[in-house]
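These are my notes from going through one protein chain, entry by entry. I wrote down what I looked up and what I found.

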Amino acid sequence: MRLSRFHLATVKEVPADAEIASHRLMLRTGMIRKLAAGIYTWSPLGLRVLSKVENVVREEMNRAGALEVLMPSIQPKELWEETGRWEKFGGQLLKIRDRKDAEYCYGPTHEEVVTDFARQELRSYKQLPVNFYQIQTKFRDEIRPRFGVMRAREFLMKDAYSFHLTADCLAREYQNMYDAYGRIFTRLGLRFRAVQADTGAIGGNASHEFQVLADSGEDAIAFSTGSDYAANVEMAEAVAPATPRPAPGAALERVATPTQKTIEEVSAFLGVAPAQCVKTILVRGVDGLVALCVRGDHEVNEVKAAKLAELPGELVLADEAAIVAATGTRPGFIGPASLPDAIPVIVDRSAAVLADFVCGGNQDGTHYRGANWERDARVTRIADLRKVVEGDASPDGHGTLRIARGIEVGHVFQLGDTYAKALNATVLDDAGKACVMQMGCYGIGVSRIVAAAIEQNHDDAGIVWPEPMAPWRVAICPINAAQNTQVREAAEALYAELSALGIEVLLDDRGLRPGPMFADIELIGIPHRIVVSERGLAAGTFEYRRRNESENRSLDRDELLRQFA
């Protein structure tokens, strides 16, 4: 590609709302341009990168035996009502009406549509297993779209759905997709981890996220120092302490804490460590309020708590009026000691081994010191309620946990029969009996991968693309070619030679001075730069530099070509 014939529109200034590196750099390079909140036009430069990702995804899905389809992006309300998700999916579902006042949504995902397709197309177990996939635009009406294409409302996604007669067959395809995802992200040159994850709004049983490791990632990942265990912090088990709870050694004492409400304020005021305090949170339960108790230096894990039988499938904090009505005490002074019997007390494993702890006094302006379980505070039951922290024991018994940040770019689910049962998607087995099919679901955020790669690979000068994702592999930068025929002809000859070798090469023939020309090539992240100059030609060499290196090298023609072998 000759750069003089390509639309390259780099800029120096970016909007103030571009908070993360990928958003800033995608705007500076001109890869994307904002049309509306969370909706972007992909420029020719951006589309080259996006297509590279899409091609790798398609090749590996085909290699894994999946079959490509293309389903409608506009989906009828009736399908979503069959699964109960028309209301359950929430505000992210963009609902629209046609001229006949029929209701539709712009697909945020395609479980309903693909299951409807399957129930019409699949009749016999002999047609199974089968895996259908597509690469298509999705829309989710995010409350606050941000970070460019990282959390956009409109995005490109690869979603695949497999159908099976048995759970064992589903498990085999799940592993097949898990392996295919590993190949995809490895081929793209990304540093990633596959982690155990929550199934969220999609539903189902087993689930793994594929996380690109980056300091700017929204997700926290826990991984073991002694094994390959890894899980989203939402899912990582907080192992019970090995040491038993000590016997009580202090009497229960009510102390005045007139303005101290938070753990930080109370622990500082009373001169105790936060780890010796118990934090009590009142939430809405199925049959009234429920108390969740964790150690003062820990946080309640909302995903774990939402799965408690006493809660209605979600964690909702009780409001102040309900707390005062049930306890006679304002928030900030609630504790498990002398809490009304009607309120179940669920205690986290780490909090359950504390003795002589500090907690709310259930009386405004007071806390208890020297509180103990069973003697002073009821325990309805003990559960894993908290988020893991750095240094916790690994749940698999090997090593301790470390915490890293990650960007979710892929997710695989074993859905089971959740959607097939709701939509009555059955096939006949070998005995002629109708059986509800088992399903798997496998998604990759194609456009998000582009942003995640930039978050992981950039420096002060711009993007540093992994070679498989770069818009071009090599950039040729001739110096003063307009005035020097020898330089121009040498650059053209090298351009033709590399192109003939099947190497994607960019010839910067815009006639810019070296400074601005090099700045653009570094900004857009081309992995290899070759400078053709009068001085170099006189010495029989080209000036070569990899994008991730700081020094130039003078190479003759043969040495140069070996860089791309």
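**Entry 1: a long strand and its partners**

Which residue in S20 does Ala 220 stand opposite? I looked it up, and the residue is Arg 405. I note here that the model is a predicted one.

I then looked up the strands on either side of that pair. Ala 220 led me to strand S11, residues 219-224, which pairs with S20 in the antiparallel sense over 6 bridges. Strand S10, residues 207-213, also pairs with S20, which covers residues 401-416. That pairing is antiparallel and has 7 bridges. In it, Leu 213 stands opposite Gly 406 of S20. I also found strand S23, residues 438-445, joined to S20 by 6 bridges and running antiparallel to S20. There Gln 414 stands opposite Gly 440 in S23. I added a reminder from the textbook: strands of a sheet pair through backbone hydrogen bonds, in a parallel or an antiparallel way.

**Entry 2: the whole chain**

I stepped back to the chain as a whole. The chain has 16 helices and 30 strands. Its C-alpha trace spans about 95 × 70 × 50 Å along the principal axes. Of its 565 residues, 51% count as buried. I also looked up how far along the chain the contacting residues lie. Among contacts with a separation of 6 or more, 69% are between residues 24 or more positions apart.

**Entry 3: the cores**

I looked for the largest nonpolar core and found that it has 67 residues. Those with the most contacts inside it are Met 31, Tyr 181, Phe 185, Ile 449, Trp 465 and Met 469. Another core, of 26 residues, lies apart from that one and includes Met 71, Leu 128, Met 437 and Met 439.

I picked Tyr 181 to follow further. Leaving out residues up to four places away in sequence, Tyr 181 touches Met 61, Lys 158, Phe 210, Gly 410, His 411, Val 412, Tyr 442, Gly 443 and Ile 444.

**Entry 4: two helix pairs**

How do H2 and H6 pack? Helix H2, residues 44-63, and helix H6, residues 167-187, pack at an angle of about 150°, with their axes 9 Å apart. H2 is therefore roughly antiparallel to H6, as the angle is over 145 degrees. Their crossing is right-handed. Tyr 181 turned up again here: H6 makes the contact with Met 177, Ala 180, Tyr 181, Arg 183, Ile 184 and Arg 187. From H2 come Val 56, Val 57, Glu 59, Glu 60, Met 61 and Arg 63.

My second pair was helix H1, residues 21-28, and helix H12, residues 446-456. The angle is about 105° and the axes are 8 Å apart, so H1 is roughly perpendicular to H12. In H1, the residues Ala 21, Ser 22, His 23, Leu 25 and Met 26 meet Val 450, Ala 451, Ile 454 and Glu 455 in H12.

**Entry 5: Val 436**

Is Val 436 buried or partly exposed? Val 436 is partly exposed, because its relative accessible area is 28%, and buried would mean under 20%. This residue sits in strand S22, residues 434-436. Not counting neighbours within four places in sequence, Val 436 is in contact with Asp 417, Ala 420, Lys 421, Ala 425 and Thr 426. I also looked up Asn 424, which is 12 residues away from Val 436 along the chain. The C-alpha atoms of these two are separated by 6.9 Å.

**Entry 6: an open sheet and its helices**

I moved on to an open sheet of 5 strands, in the order S27-S26-S28-S29-S30, with mixed pairing. Its edge strands are S27 (505-507) and S30 (553-555), each of which pairs on one side only. On average, neighbouring strands here are turned by 25° against each other, direction ignored. Strand S26 (residues 474-478) and strand S28 (residues 528-532) run parallel and are joined by 5 bridges. Val 474 has His 528 as its bridge partner in S28.

Helix H13, residues 485-500, packs on the sheet and touches S26, S27, S28 and S29. The direction of H13 makes about 170° with that of S26. Helix H14, residues 514-523, lies across S26, S27, S28 and S29, at about 175° to S26.

Which residues of H14 are buried? They are Met 517, Phe 518, Asp 520, Ile 521 and Leu 523. Their cover includes H1, strand S25 (462-463), S26, S27 and S28. Just after H14, Gly 525 takes a positive phi of about 80°.

Key
Residues are numbered from 1 along each chain as its sequence is written. This is a predicted model: local features need pLDDT of at least 70, side-chain atom pairs count only at pLDDT 80 or more; totals for chains, interfaces and linings use all residues. Side-chain values use heavy atoms; hydrogens and water are left out. A nonpolar core is a set of buried Ala, Val, Leu, Ile, Met, Phe, Trp, Tyr and Cys residues joined through side-chain atoms within 4.5 Å. Buried means under 20% relative accessible area, exposed over 50%, partly exposed in between (1.4 Å probe, protein chains only). Contact means heavy atoms within 4.5 Å. Two strands pair if DSSP finds at least two bridges between them. Helices (H or I, at least four residues) and strands (E, at least two) are DSSP runs, numbered from the N terminus. Axes are lines fitted to C-alpha atoms, for helices over the stretch in contact, and angles run from 0 to 180 degrees between N-to-C directions. Angles under 35 degrees count as roughly parallel, over 145 as roughly antiparallel, 65 to 115 as roughly perpendicular and the rest as oblique. A crossing is left-handed if the near helix is turned anticlockwise from the far one by less than a right angle, and right-handed if clockwise.
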